[in-house]
Amino acid sequence: MLLATVVVILTIIVRDTFAAGKEAVSMKSIFLLGFLFFQPSSAIFTLLSGETDMLYVENPGAAALIFSALSIIFLAIFLYAYSKGWGVVRLAHRPTRTPTASIGGLVGASIICVSAGFVCRDLIGTTIPVLGVLTFQLASGMYVAAVAFAAWAWFLNPKRITTAVWLVWMVVLVTTAFLAVEWSRRGIVSVFLGIAWVGYFVRWRNITRGRLVKWMAVLLIVGSVPVILQSALRGGAQGGGSGQKGTGALGGLAGYVEAFGKLTIPDLLAPIMEIAAAQFAGSNSLWLIEECPTLQPYMPLHQLYYLSVHPVPRILWENKPSGLGREMVIVGGIQRVGDEHNLGPGIIGHCWVDLWWLSVPVYATILGLAMRYIDERASAFAVVPWIVIPLGAAAAHIFGIPRGETALFAFNTIAAIVGAWLASAISAYIFGRYDGWIPDAAEEYNAD
């Protein structure tokens, strides 16, 4: 059943990639890839190898049958909601006044975005306790948008050396900024997915799909190198800890430099195995199915509740509910880990704990409509960087939604898009020149 699910997902992605009249690159495909990676393929790895995460699954076969059935139901509802697009298609095609962008304006926009990211994260985020927690999240999208605007300027004319140098500089600067304070890989992944997103809409949208796949493969290979290297180094950089953020502007970088001097071949192989297991999100989902409600109690629609309360800083709400990944560490009795250590429950594990018959249709429908809105909006305004770039700023978070903590990834998705949109709006006001409505979008909106 799991292998059949993998084949169906791959078939859908390949069909959409090569189908005429459809966007070859979409958030729908990115989400489906994340679902395939973190759920069925991860569970298959556990069933074939017997390897699990920190929590042991005693009877994986029985849990896997339930897991497989829920995965199929979830995908069916997600794809149906995406295809229908109730309400969001019209919303996405609403006419919008958008400014044109010169190459100089795009470079200027990247400066605005990286500056806004620095202010929100490294100034406000470290000095103002309550407000800084929220601006820290917005900064992620601003930093990714800075690289994306630089990439848009370069893709308009790839032979221009100055924009190529500027893009390389922005990639180095933003990647360094992410590594300085975060142990997560999502920052680096966001940077390269942002470049791929921009490359598609600026340059590869109208080329043959075969050439498009080749270019995407090149970006995938190039982007995987720093991701694997960062994965190999981050354990040593953390000093064996499990925190999520570095200590100070250069604290994380110092740890990475020190860890690089001790790097070994096994260190490089370990993240490859971790990638193959997909962080054991499938195994963790199996454990939740097996142990809920015996050890882990049911929590109806917990992810929606956790998403709604997540923006409230814990300093204002000491007993704010924890995520399911943290609860698993506690109820599972995992010892010798940090206070913030959490596991990836997997979205199917979330659905089981949140009462599957209630959560599966709700979560799948919401996610299907959200992906449809992003794809429709980007397609309708494909030539407008001020709209396309913010929509692609959260690609890495969307890829991670199926891993869980689903509500946390969903919040990070919203925060990244909002942060990138704010920085883009400022940039458009300064560097853009308003020419009027986008005709195609307005006509399609009015016709609908």
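**Arg203, its charged neighbours and the overall fold**

Arg203 sits in helix α9, which covers residues 186-204. The model is a predicted one, and in it Arg203 is partly exposed, its relative accessible area being 41%. That figure clears the bar for joining a surface patch, because patch members need over 30% relative accessible area and no salt bridge. Arg203 does turn up in such a patch: together with Lys159, Arg211 and Lys214, the residue makes up a gathering of positive charge on the surface.

Another partly exposed residue is Val172, with a relative accessible area of 45%. Val172 belongs to helix α8, which runs over residues 161-181. Looking from Val172 to Val147, the two residues are 25 apart along the chain, and their C-alpha atoms are separated by 9.5 Å.

Stepping back to the whole protein, the secondary structure comes to 21 helices and 2 strands. The chain is 448 residues in length, and 52% of those residues count as buried. As for how the chain meets itself, take the contacts between residues at least 6 apart in sequence: 80% of these join residues at least 24 apart. On the outside, the accessible surface adds up to about 19900 Å², and carbon and sulfur atoms account for 68% of that area.

Notes
Residues numbered from 1 in each chain as written. Predicted model: local features only at pLDDT ≥ 70, side-chain atom pairs only at ≥ 80, totals over all residues. Heavy atoms only, no water. Patch = residues over 30% accessible without salt bridge, like charges linked within 9 Å, V, L, I, M, F, W, Y side chains within 5 Å. Areas by Shrake-Rupley, 256 points an atom, 1.4 Å probe, with all protein chains shown as cover. Salt bridge = Lys/Arg side-chain N within 4 Å of Asp/Glu carboxyl O. Lys, Arg positive; Asp, Glu negative; His and termini not counted. Charge placed at Lys NZ, Arg CZ, Asp CG, Glu CD. Helix = DSSP H or I, 4+ residues; strand = E, 2+ residues; numbered from the N terminus. Buried < 20%, exposed > 50% of the residue type's maximum accessible area, 1.4 Å probe, protein only. Contact = heavy atoms within 4.5 Å.
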